[in-house]
Amino acid sequence: MNNQKTFRFPWIALLIIVIIYGSLIFSSRNNTNRLSAQGLEQMLQSPEKIEEVVINSSRDNNTGSVTIHSRNGSVYSSTLTDIDRTAAKLEEAGIDYTVQLDSGYRLNDFIPYIVMLVMFMVILRVMTGGRGQGQMMNFGKSRAKLAVRTDLNMENVAGMVEEKEELREIVEFLKNPKTFIEMGARIPKGIILVGAPGTGKTLLAKAVAGEANVPFFSISGSDFVEMYVGVGAARVRDMFDEAKRNSPCIIFIDEIDAVARRRGTGLGGSHDEREQTLNQMLVEMDGFAQNQGIIVMAATNRVDILDPAIMRPGRFDRKIVVSKPDVAARESILKLHSKNKHLAADVDLKRVAQTTAGYTGADLENLMNEAAIKAVMDKKSVINQSDINDAFIKTGIGTEKKSKVISERDKKITAYHETGHAILFHLLEDVGPVHMISIIPTGEGAAGYTMPLPDKDNSFITRTQLKHMMMAAMGGRIAEELICEDITTGASQDIKQVTKIARAMVMQYGMSDKIGMINCDENGDDVFLGYDIAHNKTYSDELLSLIDSEIRALVEECYTAAKSMIMSHRNVLEKSCELLLEKEKITGEEFAALF
Ligand code: ADP
Ligand code: ZN
């Protein structure tokens, strides 16, 4: 924001110039002595003192002025009401004179002003880095981009069925506020969109504006933070004023948490400014009427840190959670972002959707874009499934490093290890099936990977599912044990995961029969408890050892089950390992065919 500082300089420069010129003009006027008619008469009595006389005659009558330069350097002037008479007197006294036809104003009078104007403009150019004066005039104005008309509409938002449904009444209201007012219906002033970055919150707000065909003002909370004291509040005021003039309209505040963090928790000097800005925002929101036609939409991914004051009725009293897309939504987002791309017949977007759990809309858009770039780089006219797979690995797991040289021994161990996981993913209902197995190291340090293909996005995970997850994670180590003479360090991540799941089952989820529904998680997330309470174990030593033995028993049980499953598919283990060493990467179908 240092441009604000530089914007002040032209004003200062202008002031200085005005003062200098003003005094110059003033002093030059001072050099000319005004003469009254009598003074002029007297002057003409002593022609020896006069050097030059100029009569300025106006064009169409006998009036004008006379300028007399005396020999001692002084200049005198006087208005003339009868030029002919003065001319006669001059001739009488034997004084030479010249007559100038006066146009009323002389160029000389304007030169100071012209020079001043030119200088001012030059300085302005330099100071604003050539961006002209348009911006300077906006000093102190809100940085909300002036009302943008957007041609996005709800069709540009894939998935989000519930979110769109919730916003439909807002669109209707913006389209036709009168109907709602006549009916006495109350429409929320503020809507807060909560969701991870890239889930399409901005897109959704824009689509509402586009669908209702109203102006869209947008500003980001982080813009306010970098401002000088008082400027943030002024901008909020300006933005709301501008919006009121343009209603019905939408104001979109991105990253509202930057401004609307719980008050009194700020660190350092910036927090006063933030509070002022927030207060101004609350004042503005309270200030306009419910049905004035302005809808304020705000986005954040941290609703927990927001000041509760902004959620009060009449402010942001509606909250819409924008979640990461599920399988079906992912597929429609992929379809939407493939519309302008040429896909080959082998592309299966449904499959891509299934393998991209956890991806946001922005991630998916990026995925398709990477695939398109890959296709172009390979000089192809269409995007193949293989391009999407490569993009998937690039965006998801890190670019495959084919160039890295790995020893044969490492490759073999990795192949067995990954196949161990894969067999269990294949056999266990709740975690499979296998999408891809690879022994190509990834950019993020894994020697290989086995990618499962979960069919459904369930919010609740069952006990069986958790056990299956543990078993699948153990598969790698088990395969190493069965085939190699020794075990390796390659399973550390798997072991970590197994332990994490087992602990959570016993200590958090109440899934151990002997312990039951007791939360014994000492690193609990209950931040409201003080240090002492949180760290004072509220359970006995017996319970502690019981927890240990229960975790052990759970791990033991899964291990035994997993080992016997792999042992009974030893032939698959061998064949898959061979295939992997040959191709480095095999698909789920190729793997399933081995059974
Ligand atoms: P946020 O504001 O939540 O961080 P954006 O609205 O900026 O996310 O989303 C970034 C981009 O991701 C959008 O421009 C769009 O291309 C894509 N995107 C996200 N969600 C969707 C969706 N549901 N449908 C289509 N595209 C989406
Ligand atoms: Zn592993």
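**Entry 1. Thr-414**

I started at Thr-414 and found it in helix α16, which covers residues 408–427. The model I am reading is predicted. I asked whether Thr-414 is buried or exposed. Thr-414 is buried, because its relative accessibility is 11% and the cut-off for buried is under 20%. I then looked up what Thr-414 touches, leaving aside neighbours within four places in sequence. I noted Ile-439, Ala-447 and Gly-448 as its contacts.

**Entry 2. The whole protein**

Next I stepped back to the overall make-up. I read off 22 helices and 14 strands. How much of the protein is buried? I found that buried residues make up 42% of the 595 residues. I also checked contacts with a separation of 6 or more. Of these, 74% join residues 24 or more positions apart.

**Entry 3. Ala-298 in a strand**

I picked Ala-298 to look at a strand position. Ala-298 belongs to β10, residues 294–300. Its relative accessibility is 0%, so I logged Ala-298 as buried. Which residues does Ala-298 contact, neighbours within four places aside? I listed Ile-191, Ile-192 and Leu-193, then Ile-253, Ile-256 and Phe-316. I also took a C-alpha to C-alpha distance from Ala-298 to Lys-201. They are 97 residues apart in sequence and 8.8 Å apart in space.

**Entry 4. Ile-547 in a helix**

I made a similar check on a helix position. Ile-547 sits in α20, which runs over residues 541–567. I found Ile-547 buried, with a relative accessible area of 4%. Its C-alpha atom is 7.4 Å from that of Ile-515. Along the chain, Ile-547 and Ile-515 are 32 residues apart.

**Entry 5. Where α17 meets α21**

I turned to a pair of helices. Helix α17 covers residues 463–483, and helix α21 covers residues 570–583. Their axes come within 12 Å and cross at roughly 95 degrees. I therefore called α17 and α21 roughly perpendicular to each other, since the range for that label is 65 to 115 degrees. Which residues meet at this crossing? From α17 I noted Ala-479, Leu-482 and Ile-483. From α21 I noted Arg-570, Leu-573 and Glu-574. I sorted the residues of this contact by type and got 4 nonpolar, no polar and 2 charged.

**Entry 6. Aromatic pairs**

How many aromatic pairs does the structure hold? I counted 3. I wrote up two of them here.

Phe-173 and Phe-180 form one pair, with 5.6 Å centre to centre. Their planes are 90 degrees apart, and the pair is edge-to-face. I checked Phe-173 and found it buried, at a relative accessible area of 0%.

Phe-591 and Phe-595 form another pair, with ring centres 5.4 Å apart. Their planes lie at 80 degrees, so I logged this pair as edge-to-face too; the label needs planes over 60 degrees apart. I looked at the burial of each partner. Phe-591 is buried, at 0% relative accessibility. Phe-595 is partly exposed, at 36%.

**Entry 7. Cysteines**

I looked for disulfides and found 0 in the structure. For my own reminder, a disulfide is a covalent bond between the sulfur atoms of two cysteines. I then checked burial at two cysteines. Cys-558 is buried, with a relative accessible area of 2%. Cys-577 is also buried, with a relative accessible area of 2%.

**Entry 8. Backbone oddities**

I finished with the backbone. Most residues other than glycine have a negative phi, and most peptide bonds are trans. I went looking for exceptions.

Where does the cis peptide bond sit? It joins Ser-247 and Pro-248, with omega about 0 degrees. I placed Pro-248 in the loop between α10 (231–245) and β9 (249–254).

Asn-213 has a positive phi of about 60 degrees, and it is not a glycine. I found Asn-213 in the loop between α8 (201–212) and β8 (216–220). Asn-213 is exposed, at a relative accessible area of 54%.

Glu-255 also has a positive phi, near 50 degrees. I located Glu-255 in the loop between β9 and α11 (270–287). Is Glu-255 buried, exposed or partly exposed? I logged Glu-255 as partly exposed, because its relative accessible area is 37% and partly exposed lies between the 20% and 50% cut-offs.

Technical notes: Residues are numbered from 1 along each chain as its sequence is written. Chains are lettered from A and ligands numbered from 1 in the order in which they are written. This is a predicted model: local features need pLDDT of at least 70, side-chain atom pairs count only at pLDDT 80 or more; totals for chains, interfaces and linings use all residues. Side-chain values use heavy atoms; hydrogens and water are left out. Axes are lines fitted to C-alpha atoms, for helices over the stretch in contact, and angles run from 0 to 180 degrees between N-to-C directions. Helices (H or I, at least four residues) and strands (E, at least two) are DSSP runs, numbered from the N terminus. Angles under 35 degrees count as roughly parallel, over 145 as roughly antiparallel, 65 to 115 as roughly perpendicular and the rest as oblique. Contact means heavy atoms within 4.5 Å. Ala, Val, Leu, Ile, Met, Phe, Trp, Tyr, Cys and Pro count as nonpolar, Asp, Glu, Lys and Arg as charged, and the others, Gly among them, as polar. Rings of Phe, Tyr and Trp (its six-membered ring) pair if their centres lie within 6.5 Å; planes under 30 degrees apart count as stacked, over 60 as edge-to-face and the rest as tilted. Buried means under 20% relative accessible area, exposed over 50%, partly exposed in between (1.4 Å probe, protein chains only). A disulfide is a pair of cysteine sulfur atoms within 2.5 Å.
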